[in-house]
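Here is a friendly walk through one structure, written for someone who likes cut-offs stated next to the values. Please have a look at the sequence and the model first.

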Amino acid sequence: MASSGRPAPGTPGIPLREESVLSVELLADHLETPSLDDRTYRVIRLSNRLEALLVHDPTTDKASAAMDVNVGSFSDEDDMPGMAHAVEHLLFMGNKKYPVENAYGQYLSANSGSSNAYTAATSTNYHFEVSAKPTNDEEPSATNPSPLLGALDRFAQFFVQPLFLANTLDRELQAVDSENKKNLQSDQWRFHQLEKSLANPKHPYCHFSTGNLETLKTIPESRGINVRDKFIEFYEKHYSANRMKLCVLGREPLDVLQSWVTEYFSEIPNKDLEPNRWVDELPITKEHLGIQCFAKPVMDSRELNLTFPFLDQDLLFESTPSQYLSHLIGHEGPGSIMAYIKSKGWANGLTAGAWPVCPGSPGLFDCQVRLTEEGLKNYKEVVKVIFQYIGLLRDTEPQQWIFEEQKGMADVDFKFKQKTQSYRFTSKISAVMQRPLPREWLLSGSLLRKFDAKLIKDGLECLRPDNFRMTIVSRDVPGTWEKKEKWYGTEYTCQPIPAEFMEEIKQAIMGPTKNRIPSLHLPHKNQFIPTKLEVEKKDIKDTALAPRIIRNDQLVRTWYKKDDTFWVPKANFIVSCKNPLVYASAANTVKARLFTDLVRDALEEYSYDAELAGLQYTVSLDSRGLFIEVSGYNDKLAVLLEQVLITMRDLEICEDRFSIIKERLTRAYRNWELQAPWTQIGDYISWLITEHDHVVEELEAELPDITAEDVRRFRKELLSQMHMEVYVHGNLYKEDALKLTDMIESTLKPRILPRAQWPIQRSLIFPPGSNYVWKKELKDPANVNHCIEYWLYVGDKADRIVRAQTMLLEQILQEPSFDQLRTKQQLGYIVFSGVRAGPTTYGFRFIIQSEKTAPYLETRIEAFLESMVQHIAEMSDADFESNKRSLIVKRLEKPKYLDQETSRHWNQIHSEYYDFESAQQDAVHIKKLTRADVQEFFKKYMDPSSSHRAKLAVYCEAQAKSDVSTKQITELVKTLGLDSTASAQAATDLQARLSAAGHDETKEIEGLTEYLLHELKVAENKIEAAKEAWKKLHAQRGDANGVVKDAEPPSSNETTPFLIEDVRSFKASLVASAGARPARDLSEYEELDSKL
């Protein structure tokens, strides 16, 4: 670790230089940094008390800035949840200096950039990245600025004079509403909100953070509130320069960055607001403890969660006592809770750890167990095992060697920390700046510095029977649920933990040692901790673009590259074991998946120490067979690899573990179909555009009939014959790479798979003028979102002209498509467009997830594409060249860390194109393109009126037969005269109920009446009025948007859309492409001598 320089931690700010005493203070310029960090840093405070970290990175491709504002959802007014989130959205929509709502996005897009933001509990974080070099490609300076200058100017105006444009207000509130609807069926969001809703109503932890249209518009407006004024009031009340932390990273010298930051960000008003702290109330009080809550999930999952109010660790950053406790309670090695409950067949996983709620309030410590079926039946025993282990920790003095082991690994990880993407760095560090860390420790704040046994005991004292509550997640227990959570509709039942069970828990933690489970004990010393961390660093003029082939025979081809860029003591070892058996049938794919799951299950206890020591592995499937990867610190990499290979070879498949793994996979397949539609749709496109592939439904159908004996037999076949393609990259020599390759061969001892039998991947070629539609009804009955992936076939993936033109169109269309389809038309929160490649073909796609139906979404996509004909034709030469330049910068962006370079190389190896210079070649071909080239390409392949265009649209359709809009629900709720709380709940419930009625007016009215009468207990005269209001809305529905569930797909080129009903016949009607061919003869990469 680099030593800390002056001023020492805690030193007050000192003037930077005499002439700028009034404008800038220097807070720190000697930060603790990783050993290989070539950046320089400076922390300053402007005259308006805004604090900024300036970062000069001489090699970065992307400049970036992030602003973290110390206000979030905890500052929402109780009767208007989502205010902070809405303000986050609205700040993007224009300001006094740049009033055009998408000026910021356009500027970033034209300069290889992008932006995002998020609202957390106590902060709102805005960030962007942009090209780090000027358009002349020279080094940036004050007189030759990079696009960072213009981006900072536009970015600062968010916080100087935002306009809260009235004409954007409804659209952005719709975007917030869509974002909320995206999360309604997510168990992660649902259970987190349930935990909060069952907390102290006087503490803002209970808030509904996202907000929706009802909370942010309908209900406030029904009370006569001008919501725009309310958002401006929130901004004026909470946004102040002294609550803001800015991080700016660029290639410019620090003095230049400082002058820009001073110029643009000193204008932000300082209201001298106090830092947000919540000290008057506890998030969880005594009355919220000692309870057990049974919650019903959307997914088929089983979990046990214990939550303990914990210490406020805000000022305990030198020792962080929770890390010691979470390390031991969450351990998975011998002697651990997990090892024991897994041996009993009760659990599939365990995590433990503390997290902060907010400054001034105690944090929470969670222990979460993923239960098996038997574990659910025995959840009380699992709870007692956890408390027995806590009792063991109480009886044992905190062990300094355990802390030193943790501290040592944290030191090593920091010393060899590599760069990340610029925007990730600035976003994260700007948030870290809100913590009360010495400014010299902004990069190293996660290091452990002091062993404090007393604080560990204080933390342990929080983990006691009278200071926890418990949640059991299951679809089956107890079988009936008494309540619904207000915001997400999660069904749950809450009750005090039975006295008898609580007494058993107390006995578990306090009982005599002789009654404790003998196999529970502290972990042994970690043998995987790396000790050889040397790196032979050399001066390299030009880093190698491609790895070399160091072994190439009938059994193995080994690719190797000694790291010449990052100089960290790490390596990645990857092998693809090619075998046509895996994908010969869906049943074989399932057997192979079960085998890999069983291998990982068997290695869980052994590999946990390796994971703690920065060494990971995976055994899974890739598109050509088995996939093995071991990565991390290279010192003990061979030790872990050997054990992985031995386990694969010698695995004993026991019936009890097989049953658990099979049941887990059964749920995984079912749960996959309950995911958000946009996460499913890509797999269906891949299936339809690829010659051989299987979808989840096919795999799920095979699983019930597969036995442990089937997998035993299949394992032997799978490992008996293969061709292996290996890549070794990092801090290893050629002889090391060859030894690792030999280890696979000598351990698995496979026979040679003849080259003629190596799997070939092919995409399907879509003929000119083809127009296909495939529909899938989604499995989740409560999901209200439809989804479309609209895919246009454009040609051969290896054709450099096709690639260049498609990528340039992605660059040109990306910002206007987002602006039109999401921002202005508000089709949904999930909207994106761009290149979509198959194994051997290239295409262009749009994905939209929306409450509106897929045929309607397709009409909007086609209308957008039609408008782009003129957009491209009228684009100025300067804008066209700017888009080319922006794309070239993106393509030539260098990898930031070892794993990123490994991934790039492996993608080329595994694709079998071996096109290691693809980025450079793409840049060359993009540079040559003219606007006429792009216009011709667009008109041929993407213009909806083109007779040559080939299209496939996949519709994932919600089961809800009607498109009951938020607006319609809002109008209905207004007739009921409910208070704000009841209105919000009614809107949520009625959206789902009426959407599920399937356009059947009688069912809709029956459902409405039942709900209003029995659940809301609304007066009968109001029910009649509501029924009449709904009948009018029902009569109008569909006409407003032209949204009809079973509408015909649109066609602008006079072709009739062909509905795919038999996928085999569809695929049989198409021609398969050629397989991938190497971009260069592989002999050019060979380096087969034995020299290092």
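The lining of the second largest pocket has 16 nonpolar, eleven polar and eleven charged residues. In this classification Ala, Val, Leu, Ile, Met, Phe, Trp, Tyr, Cys and Pro are nonpolar, Asp, Glu, Lys and Arg are charged, and the others, Gly among them, are polar. Before going further, two notes on the basis: this is a predicted model, where local features need pLDDT of at least 70, side-chain atom pairs count only at pLDDT 80 or more, and totals for chains, interfaces and linings use all residues. Residues are numbered from 1 along each chain as its sequence is written, and side-chain values use heavy atoms, with hydrogens and water left out.

The volume of the second largest pocket is about 960 Å³. Of its 38 lining residues, Tyr583, Asp622, Ser623, Asp693 and His694 are the closest to the centre. A pocket here is an open set of points on a 1 Å grid over the protein atoms alone, where a 1.4 Å probe fits and protein lies on both sides within 12 Å along at least five of seven lines; lining residues have an atom within 4 Å of a point. Grid points are joined across faces, edges and corners, and the volume is the space filled by probe spheres set on the points.

Which elements each supply at least two residues of this lining? They are helix H17 (586–612), strand E19 (615–622), helix H19 (655–672), helix H20 (677–689) and helix H21 (696–702). H17 gives the most, with five residues. Helices (H or I, at least four residues) and strands (E, at least two) are DSSP runs, numbered from the N terminus.

Three domain annotations come from UniProt, each from an unreviewed entry, and they are tabulated below with values computed from the model. UniProt positions follow the numbering used here, feature names are shortened, and annotations may be inferred rather than shown by experiment.

| UniProt domain (unreviewed entry) | Residues | Helix | Strand | End C-alpha distance |
|---|---|---|---|---|
| Peptidase M16 C-terminal | 228–407 | 38% | 20% | 50 Å |
| Peptidase M16 middle/third | 414–699 | 39% | 18% | 43 Å |
| Coenzyme PQQ synthesis protein F-like C-terminal lobe | 808–906 | 63% | 16% | 25 Å |

Now for some individual residues. Lys384 lies in helix H12 (residues 379–395). Is Lys384 buried or exposed? Lys384 is buried, because its relative accessible area is 16%; buried means under 20%, exposed over 50%, and partly exposed in between, using a 1.4 Å probe and protein chains only. Leaving out residues up to four places away in sequence, Lys384 touches Phe501, Glu504 and Ala508, where contact means heavy atoms within 4.5 Å. The side chains of Lys384 and Glu504 also form a polar contact of 3.1 Å. A polar contact is a pair of N or O atoms within 3.5 Å; within protein, one must be able to donate a hydrogen and the other to accept it, and residues adjacent in sequence count only if both atoms are side-chain atoms.

Thr285 sits in the loop between helix H8 (254–265) and strand E9 (291–295). With a relative accessible area of 16%, Thr285 is buried. Its side chain makes a polar contact of 2.7 Å with that of His288. The C-alpha atoms of Thr285 and Val261 are 44 Å apart, with their positions 24 residues apart along the chain.

Asp272 belongs to the loop between H8 and E9. Asp272 counts as exposed, because its relative accessibility is 55%. It has a positive phi of about 50° although it is not a glycine. Lys749, in the loop between helix H23 (734–748) and strand E22 (751–752), likewise has a positive phi of about 50° without being a glycine. At 63% relative accessibility, Lys749 is exposed.

Most residues other than glycine have a negative phi, and most peptide bonds are trans. The peptide bond from Val477 to Pro478 is cis, with omega near 5°. Pro478 is in the loop between strand E13 (469–473) and strand E14 (483–484).

Finally, Ser186 is in the loop between helix H4 (166–183) and helix H5 (187–197). Ser186 is partly exposed, at 21% relative accessibility. The C-alpha atoms of Ser186 and Leu674 are separated by 9.2 Å, though the two are 488 residues apart along the chain. In H5, the buried residues are Asp187, Arg190, Phe191, Gln193, Leu194, Glu195 and Lys196. Among the elements that cover them are E9, strand E10 (303–309), E13 and strand E15 (491–496).
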